[in-house]
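Subject: Model handover

Hello,

The structure we discussed is below, and my notes on it follow.

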Amino acid sequence: MGEHIHHPEHADVVKRLKRASGHLLNVISMVESNRECIDIAQQLHAVERAVAAAKRTLVHEHLDHCLDSALQGQPKSVRQAMTEFKDITKYL
């Protein structure tokens, strides 16, 4: 494992995960209350989006701060490949 790096964006990841947790608690309550399936599905979609956003933020943070430093001194073609990789990860 590499050296531990402080990630300021982790606060954003935590915020997104707390949002997902709130949505999930709401979904559980809705299921227990026999709410309409369409309403439950809508809230589940919100949970999925919040978790996906947290994951995306975490992956981009890692690429930006951890892997960029590892590429210092590498040939331009290697750094360019990482830039292209970062670009495509936006579609995760």
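Lysine 86 counts as buried, at 17% relative accessibility; the scale used here is buried under 20% relative accessible area, exposed over 50% and partly exposed in between, with a 1.4 Å probe and protein chains only. Two notes on conventions before the rest. This is a predicted model, in which local features need pLDDT of at least 70 and side-chain atom pairs count only at pLDDT 80 or more, while totals for chains, interfaces and linings use all residues. Residues are numbered from 1 along each chain as its sequence is written, and side-chain values use heavy atoms, with hydrogens and water left out.

Salt bridges

Lysine 86 forms a salt bridge with aspartate 64, with 3.4 Å between the closest N and O atoms. Aspartate 64 lies in helix 2 and lysine 86 in helix 3, so this pair ties together parts that are 22 residues apart in sequence. The term salt bridge means a side-chain nitrogen of Lys or Arg within 4 Å of a carboxyl oxygen of Asp or Glu; helices are DSSP runs of H or I with at least four residues, numbered from the N terminus. Unlike its buried partner, aspartate 64 is partly exposed, at 36% relative accessibility.

A search of the whole structure finds 4 salt bridges. One of them joins the side chains of aspartate 12 and arginine 16, at 3.2 Å from N to O. These two residues are 4 apart in helix 1, which means a separation of about one helical turn. Aspartate 12 has a relative accessible area of 23% and is partly exposed; arginine 16, at 22%, is also partly exposed. Asp12 and Arg16 belong to a network of salt bridges that includes Lys15 as well.

The side chains of aspartate 39 and arginine 35 also meet in a salt bridge, at 3.6 Å from N to O. Both count as partly exposed, aspartate 39 at 24% relative accessibility and arginine 35 at 43%.

Helix 2

Helix 2 covers residues 37–70, and its 34 residues should span 50 Å at 1.5 Å a residue; the end C-alpha atoms are 48 Å apart, which agrees. The expected span is 1.5 Å times one less than the number of residues. A kink of about 30° is centred on leucine 63, where the bend is the angle between axes fitted to the seven residues ending at a residue and the seven starting there.

Which residues of helix 2 are buried? They are Ile40, Gln43, Val47, Ala50, Ala53, Ala54, Thr57, Glu61, Leu63 and Cys66. Their cover includes helix 1 (10–32) and helix 3 (76–89), judged by contact, that is, heavy atoms within 4.5 Å.

Threonine 57, in helix 2, is buried at 16% relative accessibility. Apart from neighbours within four places in sequence, threonine 57 is in contact with Glu9, Asp12, Val13 and Arg16, so two of the salt-bridged residues described above, aspartate 12 and arginine 16, appear in that list. Lysine 55 is another residue of helix 2, partly exposed at 48% relative accessibility. The C-alpha atoms of lysine 55 and valine 13 are separated by 7.6 Å, although the two are 42 residues apart along the chain.

Helix 1 and the loop after it

Helix 1 has 23 residues and reaches 33 Å from its first C-alpha to its last, close to the 33 Å expected. Its buried residues are Val13, Ala20, Val27 and Met30, and they pack against helix 2.

Leu24, Leu25, Ile28 and Leu44 form a nonpolar patch on the surface, with about 340 Å² of accessible area together. Such a patch takes residues with over 30% relative accessible area and no salt bridge, with nonpolar side chains (Val, Leu, Ile, Met, Phe, Trp, Tyr) joined within 5 Å; the areas come from the Shrake-Rupley method with a 1.4 Å probe. Helix 1 gives the most to this patch, with 3 residues. Leucine 25, in helix 1, is exposed at 55% relative accessibility.

Asparagine 34 sits in the loop between helix 1 and helix 2 and is exposed, at 69% relative accessibility. Its phi is near 55°, a positive value in a residue other than glycine. Most residues other than glycine have a negative phi.

Regards

Methods
Patches are made of residues with over 30% relative accessible area and no salt bridge: like charges are joined within 9 Å, nonpolar side chains (Val, Leu, Ile, Met, Phe, Trp, Tyr) within 5 Å.
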